Amino acid sequence: MSFLQGIAASSGIAIAKAYRLVEPDLSFEKTRITDEEQEIKRLKDAIAITKTELEAIREKANAELGADKAAIFEAHLLIANDPELITPIEDKIKTDKVNAEHALKEATDMFISMFEQMDNEYMKERAADIRDVRKRMLSHLLGVKIINPSMISEEAIIVAEDLTPSDTAQLNRKYVKAFTTNIGGRTSHSAIMARSMEIPAVVGTKTATKDIQNGDIIIVDGLKGEVHINPNQEIIEKYKQEQIRFEEQKAEWAKLLHEKTVSADGEHVELAANIGTPNDLEGVINNGGEGIGLYRTEFLYMGRNELPSEEEQFESYKAVLEGMQGKPVVVRTLDIGGDKELPYLDLPKEMNPFLGFRAIRLCLEEQGIFRTQLRALLRASSFGNLKIMFPMIANLDEFRAAKNILQEEKQKLISEGITVSDQIELGIMVEIPSTAVMADLFAKEVDFFSIGTNDLIQYTMAADRMNERVSYLYQPYSPAILRLVKMVIDAAHKEGKWAGMCGEMAGDETAIPLLLGLGLDEFSMSATSILKARSQILRLSKKEMEELAQKALQMSTTNEVIEAVKAAAEK
Ligand code: PEP
Ligand code: MG
């Protein structure tokens with residue numbers, strides 16, 4: 001029985017067996033063999049098991065995650081069946097008299113470097129596929145199990161060093177009851193996704209993969225950020241009671257499903273949801289979202305081998321707009337980079353990916369990708385209440401350049417006879433301090449702001465949002481952050497524009513009173529936080545919160561702000 005303290009990343013409590021998602025050791029020695037026939041048989045057996053395994057994964061992915069996710073495994077099967085790849089491995093075993101592992105590595109290395117050197121993006125992606133299939137074959141030759149998160153078929157809690165957003169997207173919520181990781185923070189994208197999938201998560205435990213073995217019974221307490229390993233019966237019982245209490249609390253909040261979000265003194269604010277895919281719509285409706293304040297479109301581009309086509313994107317955007325039945329839907333254009341990678345774009349590795357070639361920077365350079373997305377959005381605009389925003393805008397030149405491209409695509413579509421709404425509002429995310437500082441000038445040109453505090457905090461405090469060791473600096477209630485937020489809201493209002501927030505701060509219990517007092521118009525958060533936030537705002541007086549916020553802006557430390565909010569709540 002032991003215990004780990006991490007960061008509470010997604011609320012709820014889960015009790016289940018641990019399932020470790022760690023990289024297997026696939027190292028081997030080159031050896032000389034005497035019986036080539038026997039070695040070729042070993043190779044053929046490994047290939048046969050690989051194929052059966054890939055077929056099973058493909059079927060399961062198809063049934064549970066959709067055809068687009070299953071397509072990767074289809075491509076892998078083609079490779080495992082390709083004689084042009086397999087024959088050279090057999091030839092190597094025969095002529096060089098080496099073990100199958102070594103022959104496999106040498107022969108596939110040749111193909112991988114050949115594909116990687118090609119100019120064509122599509123061919124470059126094939127190199128990554130060959131690597132994946134090779135890893136699977138090697139694991140069977142060595143008798144080492146490799147992990148397929150999509151193959152989990154009993155209730156489990158995932159234990160990993162870290163989960164990438166695309167790993168997280170592959171988790172099947174029917175079986176995956178929670179996850180816990182060594183690294184990460186509350187605004188890592190895997191944490192954000194856990195909240196939208198409604199699975200409890202504790203990140204930043206530092207040692208979960210060291211301390212937890214496969215099959216250990218663990219409790220993940222996503223409310224307090226605790227993980228219990230092989231707890232005794234008494235602790236299990238205590239947590240079962242907590243689970244019941246949590247469900248009862250949720251049932252209370254659910255009574256507010258159809259209520260408007262109005263403060264105790266009658267001021268309305270909008271509570272919207274952040275989503276990653278059209279599948280998240282159900283959660284938005286079930287949690288009483290008054291709109292979508294952030295559609296992170298980059299998830300459409302992940303977990304696959306190539307860019308999504310205009311048609312595919314159009315269908316996704318249309319589904320979301322129609323699903324929201326005229327309520328506002330703010331779609332953010334592609335925000336790739338940082339912890340969200342697209343391996344098939346084959347971008348060079350950077351020293352500081354969060355400060356690098358990402359989001360709008362990439363879109364302005366790789367205009368083909370950007371224009372395809374904008375066309376899909378503009379075509380979908382006639383199916384609902386679309387608002388478009390650009391991510392990571394650092395200066396007005398970027399905004400103007402992106403807006404021009406949007407206008408060009410709009411004109412092209414209109415001249416092709418395609419209907420495009422003329423009511424599309426155009427806004428920006430305020431995630432970079434330079435933009436918050438220049439908000440007065442931006443406000444003259446944009447229709448709205450959405451404050452992206454997940455990044456704004458990390459860039460203002462120079463504290464990586466993924467790094468649990470500097471999480472003490474990564475504080476939404478810091479007076480410095482509050483002052484920037486105030487500048488943005490005031491600048492918007494001065495020009496008659498609206499200001500929203502789609503960073504995780506918007507759904508934070510301690511931040512909500514301050515944001516209400518600062519005059520925020522729209523709060524966009526994980527769908528699962530909406531009802532709780534509504535119940536909180538119904539009890540708050542906006543006028544009193546304005547006074548609280550004014551005081552907080554003059555405070556010198558984060559702790560003073562937290563104490564003041566607590567004191568106000570207890571009054
Ligand atoms: C943000 O930075 O606050 C934001 C909402 O964007 P993301 O979390 O996707 O970086
Ligand atoms: Mg961001």
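Which side chain has an N or O atom 3.0 Å from an oxygen atom of ligand 1? That side chain belongs to Glu-431, and the sections below describe its surroundings.

## Basis of the model

This is a predicted model, in which local features need pLDDT of at least 70 and side-chain atom pairs count only at pLDDT 80 or more, while totals for chains, interfaces and linings use all residues. Residues are numbered from 1 along each chain as its sequence is written, chains are lettered from A and ligands numbered from 1 in the order in which they are written, and side-chain values use heavy atoms, with hydrogens and water left out.

## The surroundings of ligand 1

Besides the pair formed with Glu-431, an oxygen atom of ligand 1 lies 3.1 Å from a side-chain N or O atom of Lys-340, and a polar side-chain atom of Arg-332 is 2.8 Å from an oxygen atom of ligand 1. The protein buries 100% of the 290 Å² that ligand 1 exposes when taken alone; accessible areas come from the Shrake-Rupley method with a 1.4 Å probe, and for residues only the protein chains shown count as cover.

There are 16 residues around ligand 1, and those that come nearest are Arg-296, Arg-332, Gly-452, Asn-454 and Arg-465; a residue is near a molecule if one of its heavy atoms lies within 4 Å of it. Helix 7 (189–197), strand 10 (292–296) and helix 17 each supply at least two residues of this shell, and helix 17 gives the most, with 3 residues. Helices (H or I, at least four residues) and strands (E, at least two) are DSSP runs, numbered from the N terminus.

Ligand 1 sits in the largest cavity. A cavity is a set of points, on a 1 Å grid over the protein atoms alone, where a 1.4 Å probe fits but cannot get out, and a molecule sits in a cavity if more than half of its atoms lie within 2 Å of its grid points.

## The magnesium ion

The magnesium ion (ligand 2) has Glu-431 (OE) and Asp-455 (OD) as its protein donors, lying 2.0 Å from it. Because Glu-431 lies in the loop between strand 13 (425–430) and helix 15 (433–437) whereas Asp-455 lies in helix 17 (residues 453–461), the pair ties together parts that are 24 residues apart in sequence. Donors are N, O and S atoms within 2.8 Å of the metal (3.2 Å for Na, K and Ca), and water is not among the atoms, so sites may look incomplete.

Glu-431 is buried, with a relative accessible area of 2%, and Asp-455 also counts as buried, at 2% relative accessibility. Buried means under 20% relative accessible area, exposed over 50%, and partly exposed in between (1.4 Å probe, protein chains only).

## Buried polar contacts

Asp-455 has a further partner in Arg-465, since a polar contact of 2.8 Å joins their side chains. Arg-465 is placed in the loop between helix 17 and helix 18 (479–494), and at 4% relative accessibility Arg-465 counts as buried. A polar contact is a pair of N or O atoms within 3.5 Å; within protein, one must be able to donate a hydrogen and the other to accept it, and residues adjacent in sequence count only if both atoms are side-chain atoms.

Another such contact, of 2.6 Å, is made by the side chain of Glu-504 with the side chain of Arg-195. Glu-504 is found in the loop between strand 15 (498–501) and helix 19 (511–518), and Glu-504 is buried, with a relative accessible area of 8%.

## Exposed loop residues with positive phi

Most residues other than glycine have a negative phi. Lys-206, although not a glycine, has a positive phi of about 70 degrees; Lys-206 is found in the loop between strand 6 (201–203) and helix 8 (208–211) and counts as exposed at 52% relative accessibility.

Gln-325 is not a glycine either, and has a positive phi of about 45 degrees. The loop between helix 11 (310–323) and strand 11 (328–332) holds Gln-325, which counts as exposed at 72% relative accessibility.

## Separations along the chain and in space

Ser-2, found in strand 1 (residues 2–5), counts as partly exposed at 36% relative accessibility. Ser-2 and Glu-409 are 407 residues apart in sequence and 58 Å apart in space, C-alpha to C-alpha.

Arg-126 is placed in helix 5 (residues 121–142) and counts as buried at 14% relative accessibility. The C-alpha atoms of Arg-126 and Ile-79 are separated by 9.2 Å, with their positions 47 residues apart along the chain.

How values were computed: On a 1 Å grid over the protein atoms alone, a cavity is a set of points where a 1.4 Å probe fits but cannot get out, and a pocket is an open set with protein on both sides within 12 Å along at least five of seven lines; lining residues have an atom within 4 Å of a point.
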